[in-house]
Amino acid sequence: MRLGILIMAAGKGTRLKSKRAKVLHEIGGRPLLRHVIGAAAQLVPARDILVIVGHQAEAVESAVRDTGVRFVVQEKQRGTGHAIQCAERETRGYDMLIVLSGDVPLLRAETIAALRDFHLSQRAAMSILTAEAANPFGYGRVIRREAGAPEVAAIVEQKALKPGMEEVREINSGIYAFRRKALYENIGRLRAENPQKELYLTDMARLLAGGGKRVVAIEAAQPTEVLGANTIAEMMELDREMRLAEARRLMAAGVIIFRPETVTIDVGVEVGADTVIEPFVQLLGQTKIGGDCLIRSYSVVENATLADRVVVRQGCVVAESQIEKGALIGPFAHVRPGCHIGEDAHIGNFVETKKTRVGKGSKANHLTYLGDAVVGAGTNIGAGTITCNYDGVNKHTTVIGDRVFIGSDSALVAPVMVGDGAYVGAGSVITDDVPADALAVGRGRQVNKPQWAKNRRARKEARKPGSTN
Ligand code: UD1
Ligand code: CA
């Protein structure tokens, strides 16, 4: 028995009112279609997955090409039945086909496997995955031959419901298993006799059952799994479900997440045990966080790697960077791409770093910009220090050694180097390299003019009208 999986992903998604193709909208940080391919790929090799594309076919293909699936083009989108018609030639090598919808992204591989096994054990021509929906509006309804029996007589779309059928709460998930031969021997009999003038795959249930073929239905274990995303609101509902599932997965592994309904965690983010995540945190992309960390509220960590015991205080943005163990970030720090923050280093309030290495135990605690810089170990960067890395044309590097002390409000005009153990006086503009262990002072000398202020006040007083002088 050779099994192929078809994923219908050619539709426009008119109900979204979006320029972007529906299956490219993201939940849990990934396009809908990627979730569906991910589940399918747990059952069959990627080459046995055929994605039916049409609307924005190029964009859809390039978004998932790396998965190794094959594509079938449905030039005009004439309905789900027509989509499957388009795949006739490419599916010739298979005995059994499972059909998935690109817009039903919470479906788990276990559930697809259950549908496959049920289909085979029932020796059916068509098996339909269904669910008891709290609110079935908009879905096709599954009409069983008799209550409780596996056999199905028909699927009736919302707009074609006859009086009394509104009460049917068993919905069609849009996910099916077919004996391929039965499918393609009969698919030519579909007619576009409906308000949309489309060929509905759902009509195969009536056609096959009417022709004496066995059509059966199996209910999904979790009804939420088969929810579709036809509107932005539905999609955000699925996003919430998926992220809550991620939060639960992490909590089961020992991560402490306060108010998990407020955090935004992308699928696949890794977090170690005993790490505390406060409300309204976002952990995005390929982020990996170690154990015993503290990520405080309103921080966004994206494609970053944090070792154990890292503290990210409130309101930080950390992107595409690596933070070593025990480091302390924020509050209100911006660690931009390409940074490596060393063990026990501090990046404090209103400090911005970009493409910068900060060595072990070094500190930049306040109001600083470190861009294209290399900072050694045990160095202190005073408040208000700026690396002037850009000359209007090119970016240049600032190199600061170990155990350096940079006085507050200094400007380091790159390219420039400050040697190990050196001091830079506060308020300096450093344009030349500072040798190791030297003191550099690059500022105007202070002049004190005795009595100057007092004399000025006296002169002002004298100029006032009515003055006796
Ligand atoms: C479909 C089912 C409905 C079911 C629901 C479950 C039909 C007629 N109805 O309705 O019974 O309850 O799914 O979510 O099938 N697509 C194509 N080519 C097309 C049209 C659609 O590839 O010509 C793709 C879409 O991109 C989408 C999937 O097929 O991924 C389903 O299409 P959609 O228009 O969303 O169907 P529903 O109205 O949700
Ligand atoms: Ca749909």
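# Reading the model by its cut-offs

Modeller: Let's start at proline 331, which sits in the loop between strand 24 (328-329) and strand 25 (334-335). The peptide bond joining glycine 330 and proline 331 is cis, with omega of about 5°.

Colleague: How do you know what counts as a strand or a helix?

Modeller: Both are DSSP runs numbered from the N terminus: a helix is H or I over at least four residues, a strand is E over at least two. Before we go on, this is a predicted model, in which local features need pLDDT of at least 70, side-chain atom pairs count only at pLDDT 80 or more, and totals for chains, interfaces and linings use all residues. Residues are numbered from 1 along each chain as its sequence is written, chains are lettered from A and ligands numbered from 1 in the order in which they are written, and side-chain values use heavy atoms, leaving out hydrogens and water.

Colleague: Where is proline 415, and what kind of peptide bond joins alanine 414 to it?

Modeller: Proline 415 is in the loop between strand 37 (411-413) and strand 38. Its bond to alanine 414 is cis, with omega of about 0°.

Colleague: What makes Asp103 and Asn230 donors of the calcium ion?

Modeller: Donors are N, O and S atoms within 2.8 Å of the metal, or within 3.2 Å for Na, K and Ca. Asp103 (OD) and Asn230 (OD1) lie 2.2 to 2.5 Å from the calcium ion (ligand 2), so both qualify. Water is not among the atoms, so a site may look incomplete.

Colleague: Where along the chain do these two residues come from?

Modeller: They link distant parts, 127 residues apart. Aspartate 103 is in the loop between strand 6 (96-101) and helix 4 (109-122), while asparagine 230 is in the loop between strand 11 (215-219) and helix 7 (232-252). Both aspartate 103 and asparagine 230 are buried.

Colleague: Why is isoleucine 7 called buried?

Modeller: Buried means under 20% relative accessible area, exposed means over 50%, and partly exposed is in between (1.4 Å probe, protein chains only). Isoleucine 7 has 0% relative accessibility, so it counts as buried. This residue belongs to strand 1 (residues 3-8). With neighbours up to four places away in sequence left out, its contacts (heavy atoms within 4.5 Å) include Leu33, Ile37, Val51 and Leu100.

Colleague: Why is lysine 197 called exposed, and aspartate 292 partly exposed?

Modeller: Lysine 197 has a relative accessible area of 63%, which is over the upper limit, so the word is exposed. Aspartate 292, at 48%, falls between the limits and therefore counts as partly exposed. Neither is a glycine, yet phi is positive: about 55° at lysine 197 and about 60° at aspartate 292.

Colleague: How do you know that cysteine 339 is not bonded to cysteine 316?

Modeller: A disulfide is a pair of cysteine sulfur atoms within 2.5 Å. The closest cysteine sulfur to that of cysteine 339 is in cysteine 316, 13 Å away, so the pair is too far for a bond. A search of the whole structure finds zero disulfides. Cysteine 293 is in none either; its nearest cysteine sulfur, again that of cysteine 316, is 13 Å away.

Colleague: What makes the span of helix 7 close to the expected one?

Modeller: The expected span is 1.5 Å times one less than the number of residues. Helix 7 has 21 residues and reaches 30 Å from first to last C-alpha, close to the expected 30 Å. Its buried residues include Met235, Leu238 and Leu250, and among the elements covering them are helix 1 (32-40) and strand 12 (256-257).

Colleague: What makes a group of residues a nonpolar core?

Modeller: A nonpolar core is a set of buried Ala, Val, Leu, Ile, Met, Phe, Trp, Tyr and Cys residues joined through side-chain atoms within 4.5 Å. The largest has 47 residues, of which Ile329 and Ile341 touch the most other members. Helix 7 and strand 38 (416-418) each supply at least two of its residues. Apart from it lies another core of 43 residues, including Ile37 and Ala133.

Colleague: How is the chain divided, and how do you know where each domain ends?

Modeller: The bounds come from an automatic or database domain assignment, which gives domain 1 (3-226) and domain 2 (245-440). Their centres, taken over C-alpha atoms, are 48 Å apart.
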